[in-house]
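User: Could you take a close look at the salt bridges in this model? I'd like to know where the paired side chains sit along the chain and how covered they are.

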Amino acid sequence: MQSKGSNNRLSGMVVRSPIATLMLSMLATMTSLYVAGRLWQDAQNRVYLGKELDRITGQGQSAISVDDTLKIIACREQQKILSALEMELVAARQEGFVSNHLPEINKTPPKKRPLLIIGILTRFGRKSERDAIRKAWMTTGTALKKMEDQKGIIIRFVIGRSANRGDNLDREIDSENKLTKDFFILENHLEAPEELPKKTKMFFAHAAESWDAEFYAKVNDDVYVNIDALGNTLAANLDKPRVYIGCMKSGEVFSEQNQKWYEPEWWKFGDGKTYFRHAAGELFVISRALAKFISINRDNLRTYAHDDVSVGSWFIGLDVKHVDDRKFCCSSWSSGAVCSGV
């Protein structure tokens with residue numbers, strides 16, 4: 001049995017239920033109006049944003065949606081990330097952690113690679129020979145620069161330092177270089193006749209680091225070189241990535257100390273005492289890949305008594321194309337030859 005108080009509460013709930021329904025309806029209506037207003041405002045914002053983007057970019061096209069705008073913003077953020085990565089890639093490449101064969105990201109066209117670096121190995125007290133070369137085929141001053149720019153051939157005299165560092169011998173070379181600007185000085189090499197194989201190795205190693213050329217040539221300072229003939233010959237070998245070009249020979253290994261061409265390690269060349277095939281030392285050429293190989297492995301490459309034998313030994317176990325070109329035989333001048341002894 002319900003009390004009178006309970007009946008009054010139930011009566012009040014019944015009376016207030018239509019009011020509650022009305023309140024809910026009003027709340028729903030206001031919410032709908034609010035949502036519609038926000039949708040209309042968003043639509044207006046989209047139009048405004050599109051017009052602002054058109055005005056800023058100068059495109060003058062129809063309004064761009066917010067989604068498209070966000071895509072543009074995302075692209076710009078990606079561009080910032082790519083720029084930062086490009087800077088990191090350049091830094092990594094400079095430190096040697098990234099291959100130089102990776103495609104470049106920037107749009108700057110690569111600088112044309114020189115065709116040939118010629119290192120004329122010279123010594124102290126040979127200024128007259130150097131001057132003769134300058135007059136005969138190397139040229140000087142603007143003519144030398146013109147050869148570099150137009151033919152892509154860079155020529156330098158290669159020399160080390162005196163045992164008495166900073167003495168008259170060094171000062172004379174520095175003074176000559178100040179006038180001619182045609183020396184490639186190996187600061188860490190001791191200039192001595194018995195150190196010629198190491199000097200040749202250091203030349204190729206440092207030249208590969210200083211210039212990214214197609215070919216590198218070693219020449220003695222008593223050799224005349226036909227630059228045009230040499231350039232034409234090398235142009236015909238551009239399709240060979242690992243090429244070793246010269247006047248190939250193989251001679252006797254001398255085991256007696258009193259002999260002029262004595263080889264201290266003669267026993268390594270077998271019972272026949274004959275050198276393997278290698279290019280004569282007056283002039284020979286190697287490709288960029290081989291020069292870089294020497295540069296990377298300089299500390300582990302063995303040198304023998306003679307520089308041409310030493311260089312030939314480094315390529316015995318490699319996949320190298322040996323080109324025996326008789327035009328490189330400087331001891332016998334012939335039509336079309338690229339060199340001649342003087």
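Analyst: Happy to; here is a walk through the salt bridges, pair by pair.

This is a predicted model, and its protein chain holds 9 helices and 9 strands. Counting a side-chain nitrogen of Lys or Arg within 4 Å of a carboxyl oxygen of Asp or Glu, the total comes to 27 salt bridges.

Let's start with Asp212 and Arg113, whose closest N and O atoms are 3.3 Å apart. Asp212 belongs to the loop between H6 and strand E4 (215-220), while Arg113 belongs to the loop between helix H2 (66-94) and strand E1 (116-121), so this salt bridge ties together parts 99 residues apart in sequence. Asp212 is partly exposed, at a relative accessible area of 36%, and Arg113 is partly exposed too, at 33%.

Next come Arg126 and Asp221, which form a salt bridge with an N to O distance of 2.8 Å. This pair also links distant parts of the chain: Arg126 lies in the loop between E1 and helix H3 (127-138), and Asp221 in the loop between E4 and strand E5 (223-225), 95 residues apart. Here both Arg126 and Asp221 are buried.

Lys327 and Asp325 make another salt bridge, at 3.2 Å from N to O. Lys327 is partly exposed, with a relative accessible area of 29%, whereas Asp325 is buried, with 13%.

Finally, there is a network: Lys127, Arg130, Asp131, Arg134, Glu176 and Asp182 are joined by salt bridges that share partners.

How values were computed:
Residues numbered from 1 in each chain as written. Predicted model: local features only at pLDDT ≥ 70, side-chain atom pairs only at ≥ 80, totals over all residues. Heavy atoms only, no water. Helix = DSSP H or I, 4+ residues; strand = E, 2+ residues; numbered from the N terminus. Buried < 20%, exposed > 50% of the residue type's maximum accessible area, 1.4 Å probe, protein only.
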